[in-house]
Amino acid sequence: MSLSTRQAQEITEEMEDTLWAKGLLGDDNPVKLLDTLVYVLGLHLALRGRDEHRSLRFSPPQITVETASNGRRYVS
């Protein structure tokens, strides 16, 4: 018996554009907004492999909250 490594398919820019164009992502209702947040956070913050998990560090932190010149806070 052989074990195969599972790997997620990459989402291209064209695929993402299609999701927005078909109205599957957006902010016009609560369910769609939640789906959009899960997609965007997963896209930018999800760890993809054991090496990324092992390389996390707390000091100095990899993710920080910054404040823009207009006073708005954002995660970087």
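**Figure 1. Surroundings of Trp20 in the predicted model.** In this predicted model, Trp20 touches Leu25, Gly26 and Thr36 when residues up to four places away in sequence are not counted. Trp20 belongs to helix H1, which covers residues 13-21, and with a relative accessible area of 38% Trp20 is partly exposed. Thr36, one of the residues touched by Trp20, lies in helix H2. Although Trp20 and Thr36 are 16 residues apart along the chain, their C-alpha atoms are separated by 9.4 Å.

**Figure 2. Thr36 and its polar contact with Gly26.** Thr36, a residue of helix H2, has a relative accessibility of 9% and therefore counts as buried, the cut-off for that term being under 20%. A polar atom of the Thr36 side chain lies 2.8 Å from the backbone nitrogen of Gly26. Once neighbours within four places in sequence are left aside, the residues in contact with Thr36 are Trp20, Leu25 and Gly26, and Trp20 itself also touches Leu25 and Gly26.

**Figure 3. Lys32 and the salt bridge to Asp28.** A search of the whole structure finds one salt bridge, and the side chains of Lys32 and Asp28 meet in a salt bridge with a distance of 3.1 Å from N to O. Which of the two partners is buried, and which is exposed? Lys32 is the buried partner, with a relative accessible area of 16%, whereas Asp28 is exposed, with a relative accessible area of 57%. Lys32 lies in helix H2, and a polar atom of the Lys32 side chain is placed 2.8 Å from the backbone oxygen of Gly23. Not counting residues up to four places away in sequence, Lys32 touches Gly23, Leu24, Leu25 and Gly26; Leu25 and Gly26 also appear among the contacts of Thr36.

**Figure 4. A nonpolar patch on the surface.** Leu33, Leu37, Leu41, Leu45, Ile63, Val65 and Val75 make a nonpolar surface patch of about 630 Å². Helix H2, which spans residues 30-45, gives the most to this patch, with four residues. One of the patch residues, Leu45, lies in helix H2 and is partly exposed at 45% relative accessibility. For the protein as a whole, the accessible surface comes to about 7,300 Å², and 55% of that surface belongs to carbon and sulfur atoms.

**Figure 5. Secondary structure, burial and confidence across the chain.** The protein contains three helices and two strands, which follow the pattern α-α-α-β-β when read along the sequence. Of the 76 residues in the protein, 7% are buried; Thr36 and Lys32 are among the buried residues. Among contacts between residues at least 6 apart in sequence, 5% join residues at least 24 apart. The pLDDT averages 82 over the protein, and 86% of the residues score at least 70. Confidence is highest in helix H1, at a mean of 94, and lowest in helix H3 (residues 50-54), at a mean of 70. Where pLDDT is low, the predicted coordinates should not be read in detail.

Notes: Residues are numbered from 1 along each chain as its sequence is written. This is a predicted model: local features need pLDDT of at least 70, side-chain atom pairs count only at pLDDT 80 or more; totals for chains, interfaces and linings use all residues. Side-chain values use heavy atoms; hydrogens and water are left out. A salt bridge is a side-chain nitrogen of Lys or Arg within 4 Å of a carboxyl oxygen of Asp or Glu. Buried means under 20% relative accessible area, exposed over 50%, partly exposed in between (1.4 Å probe, protein chains only). Patches are made of residues with over 30% relative accessible area and no salt bridge: like charges are joined within 9 Å, nonpolar side chains (Val, Leu, Ile, Met, Phe, Trp, Tyr) within 5 Å. Accessible areas come from the Shrake-Rupley method with a 1.4 Å probe; for residues, only the protein chains shown count as cover. Contact means heavy atoms within 4.5 Å. A polar contact is a pair of N or O atoms within 3.5 Å; within protein, one must be able to donate a hydrogen and the other to accept it, and residues adjacent in sequence count only if both atoms are side-chain atoms. pLDDT is the predictor's confidence in each residue, from 0 to 100.
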